[in-house]
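Could you walk me through this structure, one selection at a time? I have the viewer open and would like to know where to click next.

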Amino acid sequence: MRLPTASLLLAASLAAHAGPPAIYDEAADAKAAIRATLAEAGQARLPVLVVFGANWCGDCRMLDASFKTGPSAPLIAASFKVVKVDVGRFDRNVDIAEGYRVPLKKGIPAVAVLSPEGKLLYATEGGELANARKMGDQGVYDFFSRVTVSAK
């Protein structure tokens, strides 16, 4: 009888220490993911929203939640094909961000908007989303409303 109780306690303890679920795939091949998303975007005739961030980043988590359930969710779903790129501790995929004129040193989350052909249409060059939590859902919506217009 003690073994099942101990097993349940161990499982509960491990679950509590596991932390929140990952929102960025740390093992993904970011270049391949961007290529695949560009192919989808070409078919859908939508721009690609490349979101640079990391699982440890609270502002990245807020932005991700806003994309899924906030007022921005319908706007993002209708206006973009989205691909998320993990930057780790600013030691992964930095070359990709730099290639899209996204200076990660200004903060994450950061985004680049690409045409379906892969041409850069917009980049957060000044850390515009680095304080996503402070911006709140409405601020994120307002930001992407402006970006959506510039991406057309």
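Here is a short tour, stop by stop, starting with the whole chain and moving on to single residues.

**Stop 1: the whole chain**

Before you select anything, keep in mind that this is a predicted model. Colour the chain by secondary structure, and you can pick out six helices and four strands. Follow them from the N terminus and the order reads α-α-β-α-α-β-α-β-β-α. The chain has 152 residues, and 43% of them are buried. Of the contacts with a separation of 6 or more, 69% join residues 24 or more positions apart.

**Stop 2: strand β1**

Now select residues 48–53, which make up β1. How many of the six residues in β1 are buried? Six of the six are, and the strand is described as mostly covered. Show the side chains to see two sets: V48, V50 and F52 point one way, while L49, V51 and G53 point the other way.

Next, add residues 81–86, which are β2. β1 and β2 run parallel and are joined by six bridges. To find one of these pairings, click F52, whose bridge partner in β2 is V85.

**Stop 3: strand β3 and its hairpin**

Add residues 110–114 to bring in β3. β3 runs antiparallel to β1, and five bridges join the two strands. Two pairs are good to label here: V51 stands opposite V111, and L49 stands opposite V113.

β3 itself is mostly covered, with five of its five residues buried. A110, A112 and L114 point one way from the strand, and V111 and V113 point the other way.

Then select residues 120–123, which are β4. β3 and β4 pair in the antiparallel sense over three bridges. In one of the pairings, V113 has Y122 in β4 as its bridge partner. The two strands form a hairpin with five residues between them, and in the turn G118 has a positive phi of about 95°.

**Stop 4: P116 in the loop**

Stay with the hairpin and click P116, in the loop between β3 and β4. Is P116 buried, exposed or partly exposed? P116 counts as partly exposed because its relative accessibility is 23%, and the buried class needs a value under 20%.

Now show what surrounds this proline. Leaving out residues up to four places away in sequence, P116 touches L38, A41, G42, R45, L46 and P47. You can also draw a distance from P116 to E40: their C-alpha atoms are separated by 8.2 Å, though the two residues are 76 residues apart along the chain.

**Stop 5: the nonpolar core**

Zoom out a little and look for the largest nonpolar core, which has 42 residues. Which members touch the most other members? They are I34, L49, V50, F52, Y100, V102 and F144. The elements that give two or more residues to this core are α2, β1, α3, α4, β2, α5, β3 and α6. In soluble globular proteins, nonpolar side chains tend to be buried together.

For a closer look, centre on V50. Beyond residues up to four places away in sequence, V50 touches I34, V83, V85, A110, V111, A112 and L114.

**Stop 6: S79 in helix α4**

Select S79, a residue of helix α4. S79 counts as buried because its relative accessible area is 12%, under the 20% cut-off. A polar atom of its side chain lies 2.8 Å from the backbone oxygen of L75. Setting aside neighbours within four places in sequence, S79 is in contact with L46, P47 and T148.

**Stop 7: helix α6**

For the last stop, select residues 132–150, which form α6. What would a straight helix of 19 residues span? The expected value is 27 Å, but α6 spans only 20 Å between its end C-alpha atoms. Click Q138 to see where α6 bends by about 75°.

The buried residues of this helix are A132, G136, G139, V140, F143, F144, V147 and T148. Show them together with β1, α3, α4, β3 and β4, the elements they pack against. Two of these residues should look familiar: F144 is one of the core members from Stop 5, and T148 is one of the contacts of S79.

Note on methods: Residues numbered from 1 in each chain as written. Predicted model: local features only at pLDDT ≥ 70, side-chain atom pairs only at ≥ 80, totals over all residues. Heavy atoms only, no water. Expected span 1.5 Å × (residues − 1). Bend = angle between axes of the 7 residues up to and from the residue. Buried < 20%, exposed > 50% of the residue type's maximum accessible area, 1.4 Å probe, protein only. Contact = heavy atoms within 4.5 Å. Polar contact = N/O pair within 3.5 Å; in protein donor to acceptor, adjacent residues only side chain to side chain. Core = buried A, V, L, I, M, F, W, Y, C linked by side-chain atoms within 4.5 Å. Pairing = 2+ DSSP bridges.
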